[in-house]
Each structure stands twice: as structure tokens, then as C-alpha cells.
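Please keep the sequence and the model side by side while reading. The paragraphs below go from one strand residue to the helix pairs and then to the loops.

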Amino acid sequence: MSRLLVTGGAGFIGSNFVHYLVANTDARITVLDKLTYAATREAIDGLDRVELVVGDVADGDVVEPLVAQHDAVVHYAAESHNDNSLNDPSPFIKTNILGTFTILEAVRKAGTRLHHVSTDEVYGDLDLDDPKRFTEDTPYNPSSPYSASKAGSDHLVRAWVRSFGVRATISNCSNNYGPWQHIEKFIPRQITNVIMGGRPKLYGDGLNVRDWIHADDHSSAVWTILEKGTIGETYLVGADGEQTNLDVVRMILKHFGRPEDDFDHVTDRAGHDRRYAIESGKLRQQLGWQPKFQDFEAGLAATIEWYQANEAWWRPHKEATEAAYAAKGQA
């Protein structure tokens with residue numbers, strides 16, 4: 001795989017994967033990205049062997065010739081913010097479902113290998129006291145327009161594998177954190193609030209649990225699946241990083257030497273999933289993958305330091321982000 005096409009490669013998780021490829025492979029990489037508000041040229045500027053094509057993943061006239069020129073496609077491009085999907089589901093349907101269909105048709109015609117990146121949110125949520133975790137056999141039960149659109153895209157990939165012989169794999173990953181994540185997301189929002197002298201904002205009681213994984217570990221997992229995964233298989237990606245939102249906020253406050261109760265409760269999100277938890281044994285046992293960032297608090301500290309060092313990137317967007325939350329009564 002000497003030439004790779006990465007859709008959504010200027011977004012948070014996609015750009016971290018591009019950095020991983022540059023550091024760990026000799027591949028030439030083309031990034032296809034629409035450059036919406038959640039993507040940024042800065043994340044991939046100056047990287048060797050990387051070319052950016054600005055375009056829509058749902059535009060077949062752009063996608064088909066690009067796919068034909070590459071050995072494999074890694075499909076990250078997605079609308080992914082739950083709150084935004086509740087306000088306007090239409091971009092999620094277009095990008096996540098129609099965009100995936102467009103990619104599938106292009107790889108079918110070209111015979112190109114595909115890896116489709118999805119989310120654990122397609123499985124719905126777990127009770128806080130449930131000892132189980134999500135596995136590859138967990139039934140789909142999405143609860144938001146975002147997670148429903150990703151569930152739909154997963155089903156399309158499976159159908160194209162079975163019906164047309166498309167050479168594809170799927171991964172469903174838990175919540176990512178790390179550099180270049182838009183400040184509307186939970187962890188960077190709290191970090192940047194504190195950097196600016198404000199207070200973190202906690203949905204509801206803050207006891208919702210997320211299974212956190214550093215974006216670098218997600219990247220290494222995707223590359224492992226692309227190299228070693230069995231066509232038609234799904235692999236769950238997680239790093240055993242379960243934390244309540246409350247505990248994450250307290251860790252951020254602790255890092256800055258602030259009292260652990262120095263935060264504000266805000267109105268909870270509609271349909272807020274209670275707990276996610278990933279069982280990634282299949283990926284580890286069959287393909288030999290292991291996460292490197294197994295100390296969440298240390299990874300969080302490194303992420304805080306990155307946001308402190310990159311204020312020039314996120315600060316111009318902070319006012320508009322907080323205004324959007326204020327309009328929903330979550331400021």
C-alpha cells in the first residue's frame with residue numbers, strides 16, 4: 001500500500017492518522033477533506049508526502065478518480081458532533097450515509113481496499129452498573145441522528161462486502177482525545193475554558209461514562225487492521241479508559257491547581273447516552289495490537305499541554321463555540 005487516500009484527513013482523528021502514517025510508513029498520502037469548521041489545514045501543513053484535495057466525500061466526480069489512483073482508502077470523513085446532529089440532522093445524513101455510499105461505489109469500481117472508521121455509539125449505551133462491554137456481536141441501538149447515520153454507514157459497508165465483494169473492514173472506536181480536536185468537544189472545551197480563566201461545564205450529574213483512547217492509539221489500531229485485518233470483519237478499538245465526565249473535569253482542574261468542585265453544571269443533552277465501554281480483545285488477540293497510552297491521566301496532561309502551546313490555533317474559535325452553547329442553555 002504505497003498510496004493511501006484518507007478521507008477527512010484534516011479533521012481531528014483523521015489528521016492524527018496522517019501524522020502516524022508519515023512517521024511510521026513510506027506511503028504517499030492524499031487527504032480528501034471538505035474543510036468544514038471542524039477540520040483545519042494547519043493539522044497537516046508541512047507534512048512530507050501529503051497532498052490535500054479539498055472536496056466533498058459525497059461528490060462522485062471528485063471521489064472516483066481519486067480512489068482509482070490509490071491502493072487503499074481509509075474513510076474517516078464524517079459529521080460527528082451529537083449536539084449538532086440534534087439541531088440539524090441533514091449534514092449527518094449527507095456526509096455519513098451518502099458519503100459512505102459514494103466511497104463504496106468508487107472502491108467497487110476500482111477494486112480498491114477500504115477501511116471504514118466508525119464509532120461505538122452505534123451500539124447505544126450501557127447502564128452504569130452493567131458489567132458488560134460492547135463487543136463485535138452487540139446489537140446496534142443508536143440513540144441520536146449522528147449515531148444512527150454512522151450505524152447506517154456500517155450496514156452499507158457490510159452489504160457492499162457481501163453483495164459486490166468489496167474488500168473492506170470496519171472499526172468501531174471509543175471516544176478519542178489528543179491534539180487538534182475542535183474545542184466544541186468535551187475535553188478540549190473544558191481545557192480551554194480553564195486556560196482562559198473560566199470554569200469547566202458539566203452535563204447533568206456528570207456521571208456519564210466514556211471509554212477514552214488517545215488518537216495515536218486509534219491510529220495504530222487502524223493501520224494494524226488495514227495491514228492484517230480479515231476482509232469483511234469488524235474490530236472494536238478501545239484502551240480500557242473508562243472515566244466519568246466528572247472525573248475527567250476533576251483531573252483537568254487538578255492539573256491547573258484548581259479546586260475539584262470549581263465547575264458549573266449545565267443542562268443535559270437530550271438523549272444523552274449513559275455509558276460506553278469497549279471490549280477490544282478480538283483486535284488484540286487476533287491482530288496483536290496494544291495501546292501505548294494506558295495511563296489516561298498522563299495522556300490527558302500531555303493533551304492539556306498541547307492546547308496550552310497552541311492557543312493561536314483554537315482561541316479565534318472560542319467565542320463562537322461558547323456562544324453556540326449559550327444559545328442552547330449550556331453555558
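Contact here means that heavy atoms lie within 4.5 Å of each other. The model is a predicted one, and the description below should be read with that in mind. With this meaning of contact, a convenient place to begin is S118, a residue of strand β5, which covers residues 113–119. Leaving aside neighbours within four places in sequence, S118 is in contact with K150, D154, I170, S171, N172 and C173. Because buried means under 20% relative accessible area, S118, at 5% relative accessibility, counts as buried. D205 is 87 residues away from S118 along the chain, and the C-alpha atoms of these two residues are separated by 28 Å.

One of the contact partners of S118, K150, also takes part in a helix pair, since K150 is among the residues through which α5 meets α4. Helix α4 comprises residues 90–110 and helix α5 residues 145–164, and the two pack at an angle of about 15 degrees with their axes 8 Å apart. Angles under 35 degrees count as roughly parallel, and α4 and α5 are therefore roughly parallel to each other. The crossing in which α4 passes α5 is right-handed. On the α4 side the contact is made by F92, I93, N96, I97, T100, F101, L104, E105 and R108, while α5 contributes Y146, S149, K150, S153, L156, V157, W160 and F164. Sorted by class, the contact of α4 with α5 has 10 nonpolar, 4 polar and 3 charged residues. As background to the spacing of such positions, an α-helix has 3.6 residues a turn, so residues three or four places apart point the same way.

Further along the chain comes helix α6, residues 186–195, which is mostly covered, with 10 of its 10 residues buried. The buried residues run from F186, I187, P188, R189 and Q190 through I191, T192, N193, V194 and I195. What do these buried residues pack against? Their partners are the strands β7 (176–177) and β8 (201–203) together with the helices α8 (245–255), α10 (296–309) and α11 (311–327). Just after α6, G197 takes a positive phi of about 90 degrees.

Of these partners, α10 can be followed in detail. Helices α6 and α10 pack at an angle of about 55 degrees, with their axes 10 Å apart, and they are therefore oblique to each other. Their crossing is right-handed. The contact joins I187, P188, I191, T192 and I195 of α6 to F296, L300, T303, I304, Y307 and Q308 of α10. By class, the residues of this contact between α6 and α10 divide into 8 nonpolar, 3 polar and no charged.

Helix α10 also meets α11, and two residues already named, Y307 and Q308, take part here as well, since W306, Y307, Q308 and A309 in α10 meet E311, W313 and W314 in α11. The contact of α10 with α11 has 5 nonpolar, 1 polar and 1 charged residues. The axes of α10 and α11 come within 6 Å and cross at roughly 80 degrees. Angles of 65 to 115 degrees count as roughly perpendicular, and α10 and α11 are therefore roughly perpendicular to each other.

The loops supply further points of detail. W180 lies in the loop between β7 and α6, and its phi is near 70 degrees, a positive value in a residue other than glycine. W180 is buried, with a relative accessible area of 14%. A positive phi, near 55 degrees, is also found at D240, again a residue other than glycine, in the loop between β11 (234–237) and β12 (242–244). Is D240 buried or partly exposed? At 44% relative accessibility, D240 counts as partly exposed.

Q290 is placed in the loop between α9 (281–287) and α10, and Q290 is partly exposed, with a relative accessible area of 47%. Q290 and A239 are 51 residues apart in sequence, and their C-alpha atoms are 8.2 Å apart in space.

Finally, an annotation can be set beside the model. In an unreviewed entry, UniProt lists residues 5–299 as "domain: NAD(P)-binding". In the model, the end C-alpha atoms of residues 5–299 lie 28 Å apart, and the span is 39% helix and 17% strand.

Note on methods
Residues are numbered from 1 along each chain as its sequence is written. This is a predicted model: local features need pLDDT of at least 70, side-chain atom pairs count only at pLDDT 80 or more; totals for chains, interfaces and linings use all residues. Side-chain values use heavy atoms; hydrogens and water are left out. Buried means under 20% relative accessible area, exposed over 50%, partly exposed in between (1.4 Å probe, protein chains only). Helices (H or I, at least four residues) and strands (E, at least two) are DSSP runs, numbered from the N terminus. Axes are lines fitted to C-alpha atoms, for helices over the stretch in contact, and angles run from 0 to 180 degrees between N-to-C directions. Angles under 35 degrees count as roughly parallel, over 145 as roughly antiparallel, 65 to 115 as roughly perpendicular and the rest as oblique. Ala, Val, Leu, Ile, Met, Phe, Trp, Tyr, Cys and Pro count as nonpolar, Asp, Glu, Lys and Arg as charged, and the others, Gly among them, as polar. UniProt positions are given in the numbering used here, feature names are shortened, and annotations may be inferred rather than shown by experiment. A crossing is left-handed if the near helix is turned anticlockwise from the far one by less than a right angle, and right-handed if clockwise.
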